[in-house]
Amino acid sequence: MMLIPEALLDRVNVEDVVRSEIGTPPDKIPTRTVENALGDDLAAFVPEARGLLRANSKPYEVERLFANKDSTSYRPIRRLSLQSRLQLRALASLVQGELVPPVNRSYPAYAQFQTEVLEEPATRYVVACDVHGFYQYVRHQNVHDEIVGLTGAVDLATALSDFLSGLMGGPAGLPQLYDAADPLAEIVIDAATRRLTRAGLQIARFNDDFRIGCRSYAEALAAAIKVTGELEHFGLTLNERKTLIFQKDRYQGWIRAPRERWAELVGANAETRLLAFDSGYQEVWVEVQLPPSTASRAAAGGAALKLWNEFQTSKGSDNADEWMFVKLAGLGLRELAASPSVVEPDMISKLARREPQLTPDVARYLAALAPFEPGFVADVLSSLTSSSGAGTSAWRSAWLLVPILSLSSPPASLQDWVEACFRSRSDTLAGLAAAACALHGWVTLEDVTRRFDHSGPAAKPEFAAAAAFLASKNTNALKSIRGEGDVYARIADKNFDSLSIV
């Protein structure tokens, strides 16, 4: 167990911590049970939040999931309880200040990063690279040392490194997808960037992505080697698969390609809005063109998926081109979700299998379409969850449960799969399955409350929501859920008549 020193907690603005944490849930985990239950009345939750911050935490109860980065690699993520999320954000909030400014992950910052090295007239080649498993391998000792060096706050540095070691179960790693961890990652990677700048590299960085401007191919190779050597000081390495060397013109085309191809799809009369591109650890908002009407938006989304499908049948080994078509497919799915319309079901199934990192976008699209085309959605889900299809991880399965929550009458084949998910060892998956089973009458209240008592703290809200939905008003079961605290009382009230967990 871990207890954060009282002297540090006295410096925390708890209301700001609560608003920031509830306002920015991790986007790669589908559940929003706590956020939906707390709603806009966050001030009333602040007293309980103070208690959660001061209570002992149990890091060994953190659930580990594996989210796809692409078809062959995974990003380990931890499903944190509300208590751990608040404690992490509270400690991280004390790190930021004059010497550690807020992390800027905005689109303007990303756009500037992409083009910064091109401003030097001597640039002829660009090295594009990123750190392999960055958040996974950040050493807590490096976090400690950088905090001390930048702020002199030994007590804060020690408390944070101890908290992280307990949370991650070892001396390295930051919880990915939680933006409270971003400033901790930033101070470590910024130290490496400063060393590379002093070594004479013309370098730009966004999170753990680097761009290096070079005058020749030989200089570009030397720069990549130099980055590798400097990262080793911090226990980090480059991602070989994503280390690319471009001629300047090719690089300029590479960074423009997704937006230009999208503009071709939507036509000249499009309006400009902001959409989210997944930059790896979180979404980056990107200015793109959107068609003005629902019909044209759906058409553009479908066309983007067809471009991806055509690329699959003719693709070579160019990672840069593959990146562009995957991004276009993601944009297409988001447009189709905003303007629900049917495309070829086989193409959706193929996309979900070959690009499993797009499972959240596939799930959101199917969920948006379910009220209008339940048969189409059921067919796609049956294909993706069948025993003859590709296996799905707990993370992917959890996302595929989201559209099932939007179906009024799922077929028997999906019922069998959802019930199997409820029996899963993954609490996150079982919690979402419990909600789906409760909604469709496939589970008893006793089964749900039993699993509630044996689940980790991060997934308990979903079991509580399912139990509240199944319970009759003022029963002992409902009272027992409400008695777990203010958060659970709000979850019970929010989910008694209708489920609100995604």
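**A tour from the sheet to helix α8**

Begin by selecting R205, which stands opposite F210 in β5. The model on display is a predicted one. Extend the selection to the two strands concerned: β4 and β5 (residues 209–214) pair in the antiparallel sense, and five bridges join them.

Next, select α10, which packs on the sheet and touches both β4 and β5. The direction of α10 makes about 170° with that of β4.

Now display the whole sheet. This is an open sheet of four strands, in the order β4-β5-β3-β6, and the pairing is antiparallel. The edges are occupied by β4 (202–206) and β6 (244–247); each has a single partner strand, so one side of each is left without a neighbour in the sheet. Viewed from one strand to the next, the twist averages 20°.

Add helix α12, residues 248–266. This helix lies across β3 (125–130), β5 and β6, and runs at about 110° to β6.

Then move to helix α8, residues 140–151. The 12 residues of α8 should span 16 Å at 1.5 Å a residue, and the end C-alpha atoms are 16 Å apart, so the two values agree. Show the side chains of H140, N142, V143, H144, E146 and I147, which are buried. To see what surrounds them, select α5 (82–95), α9 (154–168) and α10 (182–198): the buried residues of α8 pack against these helices. Helix α10 thus links two stops of the tour, as it packs on the sheet and also receives buried residues of α8.

Finish at G152, just after α8, where the residue takes a positive phi of about 75°.

Notes
Residues numbered from 1 in each chain as written. Predicted model: local features only at pLDDT ≥ 70, side-chain atom pairs only at ≥ 80, totals over all residues. Heavy atoms only, no water. Expected span 1.5 Å × (residues − 1). Buried < 20%, exposed > 50% of the residue type's maximum accessible area, 1.4 Å probe, protein only. Contact = heavy atoms within 4.5 Å. Pairing = 2+ DSSP bridges. Axes fitted to C-alpha atoms, helices over the stretch in contact; angles between N-to-C directions.
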